[in-house]
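I opened this entry to keep track of what I looked up, in the order I looked it up. The coordinates come first, my notes after.

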Amino acid sequence: MTVPLGQRSAALEALRAASVDAHSLGRYLRSDRHPPSLVVGYATPPARAYQAAIDALIRALA
């Protein structure tokens, strides 16, 4: 997911406060030639928890 320039740290803090696991995309790449992006929930949550996970993501980034 891309984020506006200069807002990556704030987005990460909000997601972590909402217990959403997220990391900067740069952590996984060897090149700096990519837009500011986040990796959110690398693995799919169990079906019973999927809606709660999406709701937490939306609330944290609103």
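**Cover over the first helix**

I began with what lies over the buried residues of H1: the cover includes S1, S2 and helix H2 (50–61). I am working from a predicted model.

Next I listed those buried residues. They are Ala-11, Leu-12 and Leu-15. Seen down the axis of H1, they fall within an arc of 100°, so they line one face of the helix. I then checked the other side of H1, where Ser-9, Ala-10, Glu-13 and Ala-17 are exposed. Just after H1, I noted that Ser-19 takes a positive phi of about 65°.

**Leu-12**

I picked Leu-12, which is found in helix H1 (residues 8–17). Why does Leu-12 count as buried? Its relative accessibility is 10%, and the cut-off for buried is under 20%.

I then asked which residues Leu-12 is in contact with, leaving aside its neighbours within four places in sequence. The list reads Ala-22, His-23, Ser-24 and Leu-38. For Ala-22 I also looked up the backbone separation. Its C-alpha atom is 6.4 Å from that of Leu-12, and the two residues are 10 apart along the chain.

**Ser-37**

I moved to the loop between strand S1 (22–24) and strand S2 (38–40), where Ser-37 lies. Buried or exposed, I asked of Ser-37? Ser-37 counts as buried, because its relative accessibility is 6%.

I followed the Ser-37 side chain to a partner. It reaches the backbone oxygen of Pro-35 at 2.8 Å. I then pulled the contacts of Ser-37, again without neighbours within four places in sequence. They are Met-1, Thr-2, Val-3, Arg-8, His-23, Ser-24 and Leu-25. His-23 and Ser-24 appear in the Leu-12 list and in the Ser-37 list.

**Whole protein**

Last, I stepped back to the overall numbers. I find two helices and two strands, and along the sequence they follow the pattern α-β-β-α. The C-alpha trace spans about 35 × 20 × 15 Å along its principal axes.

How much of the protein do buried residues make up? They account for 23% of the 62 residues. I put the accessible surface at about 4,800 Å², with 55% of it belonging to carbon and sulfur atoms.

For contacts with a separation of 6 or more, I noted that 48% come from residues 24 or more positions apart. I closed with charges: the mean positions of the 7 positive and 4 negative charges are 6 Å apart.

Methods:
Residues numbered from 1 in each chain as written. Predicted model: local features only at pLDDT ≥ 70, side-chain atom pairs only at ≥ 80, totals over all residues. Heavy atoms only, no water. Helix = DSSP H or I, 4+ residues; strand = E, 2+ residues; numbered from the N terminus. Buried < 20%, exposed > 50% of the residue type's maximum accessible area, 1.4 Å probe, protein only. Contact = heavy atoms within 4.5 Å. Areas by Shrake-Rupley, 256 points an atom, 1.4 Å probe, with all protein chains shown as cover. Lys, Arg positive; Asp, Glu negative; His and termini not counted. Charge placed at Lys NZ, Arg CZ, Asp CG, Glu CD. Polar contact = N/O pair within 3.5 Å; in protein donor to acceptor, adjacent residues only side chain to side chain. Arc of directions from axis to C-beta.
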